[in-house]
Amino acid sequence: MVILSHPDRRRLFSVVCCLMVFVCCPAQYLQEIDEAIETSSRYVAAHEAKITQARQKLEHVQTDLQRYDASYALYDLYRPFVNDSAIFFLKECIELAQKVGNHSDEVRCQALLAWRCSCTGMYEEALNILDSIRTEGADQAALGEYAHAYNNVYNEMAYYTQMPEMKQAYSQRADYYQNMMYETLPGDDPRIMLRREMSFLNNNKLEQSMAVNDEWLKMVEPGSHPYAMVALYRYLEFKARDDKDQMMHWLAESVLADIHNGVLDQGSMWELANLLMQEGDVEHANRYISYTSECAIRYGSRQRNWQIAPLMTQIAKTYKEKSEHTTSQLRVLLGILSVLALLLLGVLFFLHRRNKQLAVARNELRDANTRLSASNAQLSTLNAQLSTLNTQLSTLNTQLSEANRIKEEYIGRFLSLCSQYIDKLDDYRKMVNRKMKNKELDELFRMTKSTELKEKEIEELYQNFDSVFLHLFPNFIDGFNALLQPDMQVHPKEENKLTTDIRIFALIRLGIDDSSKIAEFLHYSVNTIYNYRARIKNGAIGNREAFERQVKELG
């Protein structure tokens, strides 16, 4: 992408700021851009292959004129790719032009070098180079390049200065050299076309500016590097007309042309990321500005990094706010788990108290038996009554013992899980804090977006449930299948792991026979649980209505 001068960027930015309402970029454009970014390394590799071929050609040249042409070709290839390398080959061209005595080429390359310095923020260096150029005897093309470089550096300085009197002086100098450009460069030169279009556009002469862009568009090959520049300014044309469909089409065209040509100075992508951030599409804005930042680092333009930094800061702030919200939710969850732990302690205390009351009742029963032994007549009756009571008590004791054993096993395992979840929450908090501190925002976003953690914890919960249940009722599966017809019997594929069918009836065996509670635990719908229960009961050997009661008696 050709580097925009700051007046051009200023005009572009002013248009953006005036139109705060932005319509979302159509999904097909974003999808196409995402796919292009995924394969961008292929386009960069293709451009690097062209550079390799050009370097090999340079190694085999025989004369200084051939060396100049080969070095200039490498400059042209590096110009949108690696700034330092482009500057290096420009310097080579300057030395070769001096050596062969081609003053016009020397002036032209010196002006190009100054222009590159000004576009990367090195204004003093640019002016020093331009002030040292001797233009006497140079041809019109060299003088046009010279005027263009001066115009660019003064426009840049006018844009950044905070002193009104200096801004006016720089602008006047820029206008002087712009007029010089009109005098020395042909009318179909892209730099002249750009100046004419922006002049009409800034003065709201939209028909004239669009006519210039139409003329410019005919001069470039679709999908080429120059096409990206024309498409960007065509986007501004339609933005001035508030034609959102067309302006998004041309901005996407500019972005895609840059990517497909392996361009690392991503101006259009930066513009698209800004617009998406204003619309609230943080995910795409972060993806595009991250790609732009990587390209800018490889390209070596501190000016582009200055442009990117505010947007990256804004995106990082947005992710930080989301992370803080997640941390707050984790704290609430930890509080809920703490309350549940206290409730479990209360249940344990209640069960202990009930056991003591049962022991007292047993002692009283023994005393009653001793008193009843005094009367043989009454003893027979009381013994019969006592036998009945003992049978009931034995049944109750068995049920209570089993209930105590089940509750103690599950309570112990639940308390252990609570402790593990508290540790996991703390580890997750430390990991989030560490990634925020290391600015690993992409990785953090990917992790928080995925449901993998939830699925893993649910699987671990089921494994714990299956393990405890089979420990309490090791023969449950055999007993369960004995109640079913042969073709309806269920056999787990893995040892110590229940199937969904058996897990549903394992919960019923534990006394949880409400389908809504079973559905909540197993993360199924209530209708699904009803269907499972009905299907299994239809395969019962005996009375299907008594099937679940028989399951509760297993073990």
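Start with the aromatic cluster: select Y462, F465, F469, F473, F476, F480, F505, F521 and F547, which together form one cluster. Keep in mind as you look around that this is a predicted model.

Stay with Y462 and add R503 to your selection. R503 lies over the face of the Y462 ring, 4.7 Å from the ring centre. For another arginine placed over a ring, go to R234, which lies over the face of W250 at 5.1 Å from the ring centre.

Now for the ring pairs. A pair of aromatic rings is described by how far apart the centres are and by the angle of the planes. In this model the count comes to 25 aromatic pairs. Select Y72 and Y75 to see one of them: the centres are 5.3 Å apart and the planes meet at 55 degrees, a tilted pair. Both residues belong to helix 4 (residues 64-78), where they are three residues apart, about one turn of the helix.

Switch on the surface here. Which of these two tyrosines is buried, and which is partly exposed? Y72 is partly exposed, with a relative accessible area of 21%. Y75 is buried, at 2%.

Next, select Y146 and Y177. Their ring centres are 6.4 Å apart and their planes are at 80 degrees, so this pair is edge-to-face. Show the backbone as a cartoon and you will find that the pair links distant parts of the chain: Y146 is in helix 8 (residues 140-160) and Y177 is in helix 9 (residues 164-184), 31 residues apart. Bring the surface back for a last look: both Y146 and Y177 are buried.

Methods:
Residues numbered from 1 in each chain as written. Predicted model: local features only at pLDDT ≥ 70, side-chain atom pairs only at ≥ 80, totals over all residues. Heavy atoms only, no water. Phe/Tyr/Trp six-rings, centres within 6.5 Å; stacked < 30°, edge-to-face > 60°. Helix = DSSP H or I, 4+ residues; strand = E, 2+ residues; numbered from the N terminus. Buried < 20%, exposed > 50% of the residue type's maximum accessible area, 1.4 Å probe, protein only. Lys NZ or Arg CZ within 6 Å of the ring centre and 35° of its normal.
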